[in-house]
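Reader: I have not looked at this one before. Can you walk me through it?
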Amino acid sequence: MKNPQGNETPTSGSQIVAEKPVKVLLVDDRPDKLVALESILAGPALELVLARSGKEALRLVLAHEFAVILLDVSMPIMDGLETASLIRQRKSSEHTPIIFITAYSDTEMPASRGYSLGAVDYIFAPVDPDILRAKVSVFIDLFKKSQKIQYQSEWLRKQAERRASSLEIRLEDLLNRLNVGVFSATGDGVLISANPAFFRLFGINPAIAPETFNLARLYPQEEDRANLMARLGSEGQVQDYHVRQRHLDGTHMWVSLSKVLVTDANGNRHIDGLVEDITDRKMAEATLMAKMEELARSNAELEEFAYVASHDLQEPLRMVSSYSSLLAERYAQQLDEKGQMFLGQLVSGASRMQDLIRDILAFAKIGKLPNHALVDCNEVIEKVLFNLKDIIADSGATVTRDQLPTLIGEPVLLGQVFQNLISNAIKFRHKDRCPTVHVSVERRGAFWSFAVTDNGIGILPQFYEKIFSVFQRLHSSDDYAGTGIGLAICRKAIEKHGGTITVQSVPGSGSVFRFQLSSSETDHLHIANSA
Amino acid sequence: MSSPKAVSILLIDDNDGDAMLFREAIEVEGESRSITLHVASSVDGGISLLTGAGTSGVRLQPTIILLDLHMPGKDGKDFLRYRSENPELARFRVVMLSSSTRQVDVDDCLRLGAGHYRAKPKDWTGYQALTVFLRQFWDEAEKTAPTPAGVTIKNGDGPGSDYDD
C-alpha cells in the first residue's frame with residue numbers, strides 16, 4: 001500500500017487510516033450527471049455518496065465526514081452557492097473543500113462570490129474526466145494527510161495519558177512502600193494526605209479522615225514547631241530539619257523534616273513534606289560525640305600527666321645532675337680511675353635523663369600550643385642553623401635550602417620539626433663522606449610539600465613507620481645519642497598542622513623526609529591583608 | 001680591676017639543694033667581690049627579712065632578689081603581688097628562678113613586676129652561667145658602695161640557722 005510518510009512516522013495507525021475508504025459527496029439535481037460523475041471517480045479507495053438536492057447534501061454533511069464535496073451550481077430550490085453557504089455554517093463541515101461544477105464560462109460566473117462562500121475550485125461542464133480525477137485526488141490526498149496527522153496526535157495524546165497513568169501507579173506504589181513519610185498539609189497544619197509510612201511513623205490510624213488530624217500534635221514542644229514554621233514562612237522551604245517529634249503512644253523521636261510551601265493555581269497554599277525517623281542516627285551520633293569527647297579528654301589528661309610527671313621528674317634530676325657535675329669538677333681528681341669512670345657514668349646518665357624528660361615535655365606540650373602565627377620558614381631555618389652551629393661545624397656538614405614560604409603555623413613546633421630533621425640528618429651521617437642536607441619545597445595544590453634530603457646512612461624500609469613512634473630507636477645510644485622522641489615530635493607537630501610526614505630512603509645513600517603544610521590559610525591571609 | 005664593693009642577694013627558695021649550689025657558685029664569684037647571700041625558704045620568711053619583721057630584726061636591702069616560683073604555701077607570684085602593693089619592697093629588683101618553662105608562668109611573672117625570668121640551671125655549668133648573668137647587678141651596685149671581697153651566707157628565716165661562711 002502506498003503511503004509516502006508511513007516509514008517515517010511512529011505509527012501503525014497510518015495504515016489503519018489508509019484502509020478506511022475516503023468519502024466524497026456528489027451533489028446534482030440531475031441523476032444522469034450524478035451517474036457520470038460516479039463513473040469517472042469510482043475506485044476501491046473511495047466511497048461516493050450521492051445527493052439530489054442541496055437539502056439532502058446538508059443532511060449528509062451532518063452524518064459523514066467528506067474529503068471533498070462536488071457541488072452543482074445550478075440546482076432548483078436551493079442552488080449550489082446557497083448550499084455551499086449553509087455547508088460552511090455547519091461546524092462539522094466548515095473546512096470541507098468544495099468544488100463547484102458549473103456550466104458557466106469563466107466570465108459569466110460570479111467567481112468572487114463562489115470563493116467567498118468557500119469554494120476552493122471550479123470545474124466546468126462538460127466535465128473532463130482527467131481534470132476531475134486530478135482535482136479530486138488532490139483533495140483526497142490532503143484529507144488523508146490531515147486524517148493521519150489527527151490520528152497521530154490522538155495516538156500521542158493517548159500514549160502520554162498511558163504513561164502518566166503508569167507513572168501515577170508507580171508513584172503510588174513507591175509512596176506505599178517507602179519508609180519515609182510523605183505528606184501534604186494546609187498552612188495551618190491540617191493533614192491533607194499522607195502515605196502509609198507517615199501513619200506508621202507516628203502511630204496514626206490510617207483510616208482516620210486526614211482533615212481531622214493536625215500536625216501540631218506531633219510536636220512535644222510548641223516552640224519547635226513555631227521555629228520551623230517561621231523558617232518555612234521566610235524561606236519557602238526547609239531541608240533536613242532535625243527536630244523532636246512525638247509518636248501518638250507518647251514516645252519521643254528525632255525526625256528529619258523537609259518541607260516546601262506550595263501555592264497552587266488557585267492561589268491556595270499548602271505544605272508538601274517528607275519526614276524520616278533519624279532517632280537511631282541521632283543516638284549513634286551522640287554516642288560518637290561522647291566517645292570523641294571522652295577520647296579528647298583522656299588525651300588531654302594524658303598530655304597533662306606527661307607534662308606534670310616530666311616536670312616533677314625534672315626537679316630531683318636537676319639535683320642529681322647539678323651535684324654530680326659539681327662533684328666531677330671539684331673532686332674528680334681525688335678519685336682513682338675507676339671512681340672517675342663511675343662519676344662519668346653518673347653525669348652522662350643524668351644528662352641523658354634530662355634530654356629524655358625535655359623531649360617528653362616537648363611532645364606533651366604540642367597539643368597545648370596554638371596554631372595561628374604567621375611563620376617565615378626561612379627565619380625558622382636560620383634560627384635552627386644557629387642552634388645547630390656547633391654540630392654543623394664539628395661534622396663539616398653543608399646545609400642548604402630553597403627559598404621557603406611563609407605560612408600559618410606554630411613557630412616553636414616548626415622549629416622543632418626542622419631542627420630534629422636537620423640534626424638527625426647530620427647525626428646519622430655516613431662515615432665516608434661529609435654530610436649534606438638540603439631543605440626544599442614545592443607547591444602541591446593547597447599544600448606546601450617540604451623535603452629534607454640527606455646523604456646519610458639511610459633507613460631500611462621496614463623501619464619507615466617505626467621511627468616515628470615514641471622511644472623507637474634503631475641504634476644504640478653508644479653509636480648515636482638521642483632519646484627516640486625527636487621524630488615522634490615531628491610527626492605530632494606536623495599532624496597538628498594538618499599534614500603528614502613520611503620517609504623514603506636508600507640505605508647507605510641517604511634519606512628524604514617529606515611533610516606537607518597547608519598553604520591555603522596563608523593565601524587567605526594575604527588576600528585579607530591586601531584588601 | 002676596680003675595688004670590690006658590697007653586693008647582697010636575697011634568695012627565696014624552699015629547695016636546700018638549689019640554695020647550696022647557688023652558694024657554691026657565688027663563692028667562686030666572691031673571690032673578687034664582697035657578696036652577702038641571704039636565704040629564705042619561704043615567701044613569708046623573705047618578706048620578714050625585707051621588712052624587719054622577723055625575729056632577727058634584720059631589715060635587708062638586697063641588690064637583687066632571686067625568687068623561686070613554686071613553693072609550698074605562698075608562691076613566687078604571691079610574693080610579686082605583695083611586692084607591687086608595698087612601695088618599700090617595690091624598689092628591689094627580682095630575678096625569677098624557676099624550673100617551670102611554661103610560657104604562662106613567664107608572662108605572669110613579668111607582668112607582676114619581675115625584671116627577669118630564668119630557668120633554674122640544670123647542672124653545675126648552668127649555675128656558673130647564672131652567676132655570669134648576675135654580674136650586671138653587682139657591677140651596678142659596686143658603683144655606689146665599696147666593700148672588701150668575700151662572701152657572707154645567711155640563712156635568714158630559720159631560727160638559729162644563720163651562719164657565716
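Author: Sure. This is a predicted model. Chain B has six helices and six strands.

Reader: In what pattern does chain B run along the sequence?
Author: Along its sequence, chain B reads β-α-β-α-β-α-α-β-α-β-α-β.

Reader: And what share of chain B counts as buried?
Author: Chain B has 165 residues, and 42% of them count as buried. Taking the contacts in chain B between residues at least 6 apart in sequence, 70% join residues at least 24 apart.

Reader: Now the contact between the chains. How many residues does it take from each?
Author: From chain A it takes 10 residues, and from chain B 11 residues. On the chain B side, helix H1 (16-29) and helix H6 (124-142) each supply at least two of the residues that touch chain A.

Reader: What classes are the residues on that side of chain B?
Author: Four are nonpolar, three polar and four charged.

Reader: Switching to chain A. Which way do strands E9 and E10 run, parallel or antiparallel?
Author: Antiparallel: E9 (residues 252-263) of chain A is joined to E10(A) by nine bridges. Within that pairing, A:Leu274 in E10(A) has A:Ser258 opposite.

Reader: What sits between those two strands?
Author: E9(A) and E10(A) form a hairpin with five residues between the strands, and A:Gly267 in this hairpin has a positive phi near 85°.

Reader: What about E6 and E10 in chain A, how many bridges there?
Author: Six bridges join E6 (residues 181-186) to E10 (residues 269-277) in chain A, and these strands run antiparallel. A:Phe183 has A:Gly273 in E10(A) as its bridge partner.

Conventions. Residues are numbered from 1 along each chain as its sequence is written. Chains are lettered from A and ligands numbered from 1 in the order in which they are written. This is a predicted model: local features need pLDDT of at least 70, side-chain atom pairs count only at pLDDT 80 or more; totals for chains, interfaces and linings use all residues. Two strands pair if DSSP finds at least two bridges between them. Helices (H or I, at least four residues) and strands (E, at least two) are DSSP runs, numbered from the N terminus. A residue is buried if 20 or more other C-beta atoms lie within 10 Å of its own, exposed if 12 or fewer, and partly exposed in between; C-beta atoms are placed from the backbone. Two residues are in contact if their C-beta atoms, placed from the backbone, lie within 7 Å. Ala, Val, Leu, Ile, Met, Phe, Trp, Tyr, Cys and Pro count as nonpolar, Asp, Glu, Lys and Arg as charged, and the others, Gly among them, as polar.
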